[in-house]
Amino acid sequence: MMILDFRRRFWISLVITLPILFLSPMIQGLLGYEFTLLGNADRYILFVLSSVIYFYGGWPFLTGLVDELKKKQPGMMTLIAVAITVAWGYSSATTFGVEGSTFFWELATLIDIMLLGHWLEMRSVEGASRSLQMLVEMIPSEAHLLKDDGTVDVNVDELEREDKVLVRPGEKIPVDGEILEGESQVNESMVTGEAKPVSKSGGDRVIGGTINGNGSLTVVVKQVGGEAYLSKVIHMVRDAQAEKSKSQNLADRIAF
């Protein structure tokens with residue numbers, strides 16, 4: 001919902017920005033043209049349009065400022081909110097009599113750029129979350145545990161080191177382990193990126209979540225729970241999502 005909200009705010013703000021740019025005296029001077037809709041009243045049109053962008057497009061940053069101040073940790077949201085508030089406040093004052101120049105087009109484009117940046121950032125985070133969910137779905141929930149009296153289906157969480165499991169043709173390998181018996185082609189593309197199946201036989205290591213080919217394998221469990229390869233990857237992704245990067249922390253310190 002937040003991604004959709006930022007996207008909607010960006011596109012609406014961008015559309016409103018276009019007439020602001022078209023009517024701004026500085027832009028007209030830079031591009032070498034003159035145009036007015038209502039003469040001196042154009043400044044009031046700029047004020048209204050910029051106010052819409054300030055309150056609508058800038059709302060996430062204004063609320064972010066409040067949140068950061070409540071935590072006594074002013075950062076990037078505070079910096080953006082202060083910038084757009086000063087630009088809007090000063091430009092509004094000059095519109096209604098205070099001597100000076102307006103910064104309406106700078107205000108609008110700054111909000112547009114910040115909305116776009118946050119939208120793209122949140123999309124990348126969502127992509128990482130989807131990848132994480134795909135990793136979780138790769139791990140089978142059950143395994144065929146080999147016992148003296150036959151095969152028993154158990155939850156993967158119940159397996160222990162040195163247990164022996166049977167992997168039938170076409171099934172996902174449930175655990176990280178070592179092949180005790182059998183030969184097969186194992187598709188490890190989801191882990192290694194290698195599209196061609198890899199030949200596996202006695203003594204070779206296999207990774208939980210990869211797909212067995214047309215042979216049956218007896219696998220000795222070597223890594224379980226958090227020690228498993230995919231589990232480590234999942235924890236790394238979760239940790240990366242939970243913690244700010246060093247560059248983000250540096251940006252917040254500079255903003256402060």
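The exercises below work through a predicted model of one protein.

Residues are numbered from 1 along each chain as its sequence is written. Because the model is predicted, local features need pLDDT of at least 70 and side-chain atom pairs count only at pLDDT 80 or more, while totals for chains, interfaces and linings use all residues; side-chain values use heavy atoms, without hydrogens and water.

**Exercise 1. Overall form**

Task: State how the radius of gyration of the protein relates to that of a compact globule of 256 residues.

Solution:
- Step 1. The radius of gyration is taken over C-alpha atoms, and the globule rule is 2.2 Å times the number of residues to the power 0.38.
- Step 2. For 256 residues the globule value is near 18 Å, whereas the protein has 29 Å.
- Step 3. The C-alpha trace spans about 95 × 40 × 25 Å along the principal axes.
- Step 4. The secondary structure comes to 9 helices and 9 strands (DSSP runs numbered from the N terminus: H or I of at least four residues for helices, E of at least two for strands).
- Step 5. Of the 256 residues, 36% are buried (under 20% relative accessible area; exposed is over 50%, partly exposed in between, with a 1.4 Å probe and protein chains only).

**Exercise 2. Nonpolar cores**

Task: Find which residues touch the most other members of the largest nonpolar core, and which helix gives the largest share of this core.

Solution:
- Step 1. A nonpolar core is a set of buried Ala, Val, Leu, Ile, Met, Phe, Trp, Tyr and Cys residues joined through side-chain atoms within 4.5 Å.
- Step 2. The largest core has 25 residues, and Ile-20, Ile-84 and Leu-107 touch the most other members.
- Step 3. At least two residues of this core come from each of α1 (2–23), α3, α4 (59–70), α5 and α6.
- Step 4. The largest share, 7 residues, is from α6.
- Step 5. A second, separate core has 15 residues, among them Val-156, Leu-159, Val-175 and Val-186.
- Step 6. Ile-84, with neighbours within four places in sequence left aside, is in contact (heavy atoms within 4.5 Å) with Tyr-54, Gly-58, Leu-62, Leu-107, Leu-110 and Ile-111.

**Exercise 3. Thr-78**

Task: Decide whether Thr-78 is buried or exposed, and list what Thr-78 touches.

Solution:
- Step 1. Thr-78 is in helix α5.
- Step 2. Thr-78 has a relative accessible area of 11%, so this residue is buried.
- Step 3. Not counting residues up to four places away in sequence, Thr-78 touches Leu-65 and Glu-68.
- Step 4. From Thr-78 to Pro-25 the separation is 53 residues in sequence and 29 Å in space, C-alpha to C-alpha.

**Exercise 4. Positive phi**

Task: Place Lys-72 and Glu-162 in their loops, and give the phi of Lys-72 and of Glu-162.

Solution:
- Step 1. Lys-72 lies in the loop between α4 and α5.
- Step 2. The phi of Lys-72 is near 60°, positive in a residue other than glycine.
- Step 3. Lys-72 counts as exposed because its relative accessibility is 73%.
- Step 4. Glu-162 lies in the loop between β2 (150–155) and β3 (164–167).
- Step 5. Glu-162, also not a glycine, has a positive phi of about 75°.
- Step 6. The relative accessibility of Glu-162 is 48%, so Glu-162 counts as partly exposed.
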